[in-house]
Amino acid sequence: MKLYELVGRDKTKGFSPFVWRIKMALAHKGLDYELVPLHFTEIKDALSFADSKTVPVLVDGDHAVSDSWDIACYLEDRYPGKPSLFNDRPAAKLFHYQLAQTLLMPLFRTIVADIFKVIDDQDKEYFRATREPRIKCTIEQAGEDLEESLMIFKGNLWPYSQFFKSDDYIGGDNPVYQDYALYGMFLWARATSSKKIVDDEDPIANWIMRMDQCFGGIGGQVQKIK
Ligand SMILES: N[C@@H](CCC(=O)N[C@@H](CS)C(=O)NCC(=O)O)C(=O)O
C-alpha cells in the first residue's frame, strides 16, 4: 500500500490532519504502507491518476482511494477481519463533518501563520493565494490577530473536555475513527505551531497523552515545533 501525504520543508514530517487520521486508521487495522511525501504544489499532478486534488490518497493494489472518509470506509470494508474502525458508522460520518467547521477551521486560522513558516518555499505563493481568501485576511494579519479564532476553537472544545472527564476514548475502552479524526488535528497543530491550544489541566490533554501511546507511539513521535 502507498499513502500520499503532505510535507513541508522537512520531507520526513507529514503534518496534514487528514493524513494523520488515516495513518492512525492503518495502524488500527495493522496494515503496512509506504509513505509518499508531496509538497502542496506537487499534489495536483502527482494525484491526477486518482482524480484527486488533495491528500490523503491511498493506493492498495489496483485501488486508488481519495478523501479521508472514503479511505476509512474502504479500509473497513476491504479488511473486515481486522479490528473495526467504527462502533457506529453513521455517527462517525457525522462527527467527521462536524469537526471540519467547529474545530479545524478556527484552528486553521489560529495556526496559519505558523504553517506558512514550515511549508516549502516552492509552496508559499500557492498557499497564500489559496488560503487568504478562506481566512478573509492576509496570513500575517491572521498571525497577529489570533485571539478570536483561538477563543472560538477553545470554546468548541468544551464538549470534548466534558466527555474525557469520564471516558477514555470516543470509542469507549479503545479508540475508533472519531478519536483518530480528532487526534489528527492536534498532531497537525503540534507539527506546525508552538502555540498552546489545550490547557494542561484539560481532560483533553490526558486523552492526547493516551493517543500518543497508541500503536507504538506513532503520533507521540511528533515533536512540538519550537
Ligand atoms: N476532504 C478531504 C480534505 C483533504 C485536504 O483538504 N487535504 C489538504 C491537505 S491538509 C490538501 O491536500 N490540500 C491540497 C491543496 O490545497 O492544494 C479529506 O478529508 O481527505
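I counted a residue as near the ligand if one of its heavy atoms lies within 4 Å of it. The model I worked from is predicted.

**Entry 1: residues around the ligand**

I began with the shell around the ligand, which holds 14 residues, and noted that V55, D67, S68, Y126 and R131 come nearest. When I sorted the residues of this shell by character, I found eight nonpolar, three polar and three charged.

**Entry 2: polar contacts**

I then looked up three of these residues for N or O atoms close to ligand oxygens, taking 3.5 Å as the limit for a polar contact. For Y126, I found an N or O atom of the side chain 2.3 Å from an oxygen atom of the ligand. For R131, a polar side-chain atom lies 2.8 Å from a ligand oxygen, whereas for V55 the atom that lies 2.8 Å from an oxygen of the ligand is a backbone N or O. I next checked how much of the ligand is covered, and noted that the ligand on its own has 520 Å² of accessible area, of which the protein covers 82%.

**Entry 3: the pocket**

I asked where the ligand sits, and found it in the largest pocket. Looking at which elements give two or more residues to the shell around the ligand, I wrote down α1 (17–29), α2 (40–46) and α5 (124–135).

The largest pocket holds about 890 Å³ of space. I found 29 residues lining this pocket, and the closest to its centre are F18, T54, V55, R131 and R134. At least two residues of the lining come from each of α1, α2, α4 (89–118) and α5, and α4 supplies the largest share, with eight residues. By character, the lining of the largest pocket divides into 17 nonpolar, six polar and six charged residues.

**Entry 4: backbone geometry at V55 and D67**

I returned to V55 and D67, both among the residues that come nearest to the ligand, to look at the backbone. As a reminder to myself, most residues other than glycine have a negative phi, and most peptide bonds are trans. The peptide bond that joins V55 and P56 is cis, with omega about 5°, and I placed P56 in the loop between α2 and β3 (57–60). D67 has a positive phi, near 80°, although this residue is not a glycine, and I located D67 in the loop between β4 (63–66) and α3 (68–78).

Note on methods:
Residues numbered from 1 in each chain as written. Predicted model: local features only at pLDDT ≥ 70, side-chain atom pairs only at ≥ 80, totals over all residues. Heavy atoms only, no water. Polar contact = N/O pair within 3.5 Å; in protein donor to acceptor, adjacent residues only side chain to side chain. Areas by Shrake-Rupley, 256 points an atom, 1.4 Å probe, with all protein chains shown as cover. 1 Å grid on protein atoms, 1.4 Å probe; cavity = no way out; pocket = protein on both sides within 12 Å on 5 of 7 lines; lining within 4 Å. Sits in = over half its atoms within 2 Å of the grid points. Helix = DSSP H or I, 4+ residues; strand = E, 2+ residues; numbered from the N terminus. Nonpolar A, V, L, I, M, F, W, Y, C, P; charged D, E, K, R; others polar. Points joined across faces, edges and corners; volume = space filled by probe spheres on them.
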